[in-house]
Amino acid sequence: MRLLDDPRLKAYIEEAVGDEGMRIAELLLSREEATDTQIAEELGEKPSHVRKVLYNLYEARVADYHKEKDKETGWLTFYWYLTPDHVEHALEMRRKRELDRLEERLRFESEHEFFVCPTGHERFDFATATETDFHCPEHGEMLDAFDNAKEIEAIHARIEALRAASARPEGA
Ligand SMILES: [Zn+2]
């Protein structure tokens with residue numbers, strides 16, 4: 001099925017809920033929905049442990065549940081299922097946050113002048129460099145102008161890669 005075939009989604013789930021969460025996600029995938037008791041039996045785990053992992057899946061928006069009340073006993077049964085759309089949404093949000101961050105960084109790099117200690121150990125922006133009259137605060141040496149064209153190019157490349165990775169058309 002689609003969810004765990006997509007390496008991005010798989011990586012997201014593994015990162016969010018680990019191997020144990022992945023085992024439960026795979027089990028849920030094979031049967032649309034299951035109760036915590038069924039999962040515990042199938043995996044040979046304690047129900048309390050399974051519930052904890054299920055809750056992690058829920059927090060990571062990988063799984064959701066609906067509950068049903070037994071009319072006679074009043075007991076609640078939780079039926080768990082996977083929510084691949086939520087995972088895709090979470091990935092999309094993360095991609096957009098990263099894009100915002102990079103665009104901000106690109107603006108900063110483009111709009112500022114930089115200087116570097118001749119030993120290359122540290123880069124300073126213009127405002128910081130003026131504070132020490134363009135001398136390295138550590139070595140006392142005169143700072144050189146720093147060309148950040150390579151940094152800008154690298155940020156551009158990452159932005160392009162992230163834009164190309166869009167799961168959905170922009171603005172959708
Ligand atoms: Zn220095």
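Three exercises on strand pairing and helix packing follow, each with a worked solution.

The model is predicted: local features need pLDDT of at least 70, side-chain atom pairs count only at pLDDT 80 or more, and totals for chains, interfaces and linings use all residues. Residues are numbered from 1 along each chain as its sequence is written.

**Exercise 1. The sheet**

Work out the order in which the three strands form the open sheet, and which are the edge strands.

Solution.
- Helices (H or I, at least four residues) and strands (E, at least two) are DSSP runs, numbered from the N terminus.
- Two strands pair if DSSP finds at least two bridges between them.
- Take β1 (residues 34–35) and β3 (residues 76–82). Two bridges join them, and they run antiparallel. Ala34 has Trp80 as its bridge partner in β3. Thr35 has Tyr79.
- Now take β2 (residues 63–69). Seven bridges join β2 to β3, again antiparallel. One partnership is Lys69 with Leu76 of β3.
- The hairpin of β2 and β3 has six residues between the strands, and there Gly74 takes a positive phi near 80 degrees.
- The order is therefore β1-β3-β2, with antiparallel pairing. β1 and β2 are the edge strands, each pairing on one side only.

**Exercise 2. Helix α2 against α5**

Describe how the axes of α2 and α5 cross, and name the residues that make the contact.

Solution.
- Axes are lines fitted to C-alpha atoms, for helices over the stretch in contact; angles run from 0 to 180 degrees between N-to-C directions.
- The axes of α2 (residues 7–29) and α5 (residues 84–111) come within 10 Å and cross at roughly 90 degrees.
- The two helices are therefore roughly perpendicular (65 to 115 degrees).
- Residues are in contact if their C-beta atoms, placed from the backbone, lie within 7 Å. From α2 come Arg8, Leu9, Tyr12 and Ile13; from α5 come Pro84, Val87, Glu88, Ala90 and Leu91.
- By class, this contact has seven nonpolar, no polar and two charged residues. Ala, Val, Leu, Ile, Met, Phe, Trp, Tyr, Cys and Pro count as nonpolar, Asp, Glu, Lys and Arg as charged, and the others, Gly among them, as polar.

**Exercise 3. The other neighbours of α2**

Find the angle at which α2 packs with α4, and say which strands α2 lies across.

Solution.
- α2 and α4 (residues 47–59) pack at about 95 degrees, with axes 10 Å apart. They are therefore roughly perpendicular.
- Val17, Glu20, Gly21, Ile24 and Ala25 of α2 meet Val50, Val53, Leu54, Asn56 and Leu57 of α4. Seven are nonpolar, two polar and one charged.
- α2 also lies across β1, β2 and β3, at about 90 degrees to β3.

Note on methods: Angles under 35 degrees count as roughly parallel, over 145 as roughly antiparallel, 65 to 115 as roughly perpendicular and the rest as oblique. Two residues are in contact if their C-beta atoms, placed from the backbone, lie within 7 Å.
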